[in-house]
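Here are a few short exercises to work through with the model open in your viewer. Try each task before reading its solution.

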Amino acid sequence: MRRLAYATLLGALLVTVRPAATADDATIPWSEAERHVGENVTIEGRVLGIHCSPTSCLLAFDPTFNRFTAVVQAKDFKSLPPEMLNARYVGRPVRVRGKIQLLDRKPEIVIERPDDLEVVTTPKERTEKREAAQNEVADRLDEILDRLDDLSARLDETQARLEQVATALAEQGAQIAQIAAIQAEAVGQSFDVPQPSYGEPQPRPGFEALRTLKRGMTSDEVARLAGQPLATEPMPNGSVVWDYGYGRSITFDSRNRATSLSGFPAP
């Protein structure tokens, strides 16, 4: 189905559009060339022989070379080399375009451009040529599409692998987060600081389980063991009294060291 679609499309693209023939570009058989000397025409006939010299090549439509000939001059051998003229045109029907002129009473057309000389193909040859061109282009398109299919498959495979890697990374990230949470919970349990209870007994970390309030502690150490006070009162001498209520208080000197404890059990 794909090749049939290509053929239909290429058939439309390969149609050659030729300009309409004008009065100055009429197509005549080679045998009537003598009647159209001085005119721009298109001569049609079969090339029966070729003769080349250092100065020119003559394509003859009559085996005697005495009637109409198409001439390729030496200056044009680069675009129309003699070996190519012999291989491509001898024995084939051709069309020659140009102005007919007489040379030694013989009509001829001097071919100045490669486009002025073309092989006439039969409808069958044209059909075969068109089908061959269509098949060649269709084969190339098939090859391109096959490569695109292969590339698409590789991209799909790469995408699948990337998704697998992303999934593995997500799972690994979740595991790392879970481990980090467990470690954070363990650390929190080991170093948890008790919340203020205003003098009420506090749960203590293991490393402070045996510690009691005593003089010389800093306010931070006292707060960690006994909690935050109900009120604080600065004294004129620079000391501060923390009041825990119910007759319990602790006095800190100007260096923030506990100097006296009132209402607390002795250490």
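**Exercise 1.** In this predicted model, find which strands α2 lies across, and its angle to β9.

*Solution.* Start at α2 and look at what it packs over: α2 lies across β6 and β9. Now take the axes: α2 runs at about 35° to β9.

**Exercise 2.** Work out the strand order of the open sheet, and say why β1 and β9 each have one side without a neighbour.

*Solution.* Walk across the sheet and you get β1-β2-β6-β9, four strands with mixed pairing. Next, check the ends: β1 (26-29) and β9 (117-119) are the edge strands, each with a single partner, so one side of each has no neighbour in the sheet. From one strand to the next, the twist averages 25°.

Then zoom in on β2 and β6: these two run antiparallel, joined by seven bridges. Across from R46 you'll find P93 of β6.

**Exercise 3.** Which residues have the most contacts inside the largest nonpolar core, and which elements each supply at least two of its residues?

*Solution.* The core has 23 residues, and I43, F61, V96 and L117 have the most contacts inside it. At least two residues each come from β2 (40-46), β4 (56-60), β5 (69-73), α2 (82-89) and β6 (93-99). The largest share, three residues, is α2's.

Now pick V96 and skip its neighbours within four places in sequence: its contacts are V41, T42, I43, F61, A70, I109, I111, D116 and L117.

Finally, look elsewhere: a second, separate core has 12 residues, among them M217, W242, Y244 and F264.

Definitions and conventions
Residues numbered from 1 in each chain as written. Predicted model: local features only at pLDDT ≥ 70, side-chain atom pairs only at ≥ 80, totals over all residues. Heavy atoms only, no water. Core = buried A, V, L, I, M, F, W, Y, C linked by side-chain atoms within 4.5 Å. Buried < 20%, exposed > 50% of the residue type's maximum accessible area, 1.4 Å probe, protein only. Contact = heavy atoms within 4.5 Å. Pairing = 2+ DSSP bridges. Axes fitted to C-alpha atoms, helices over the stretch in contact; angles between N-to-C directions.
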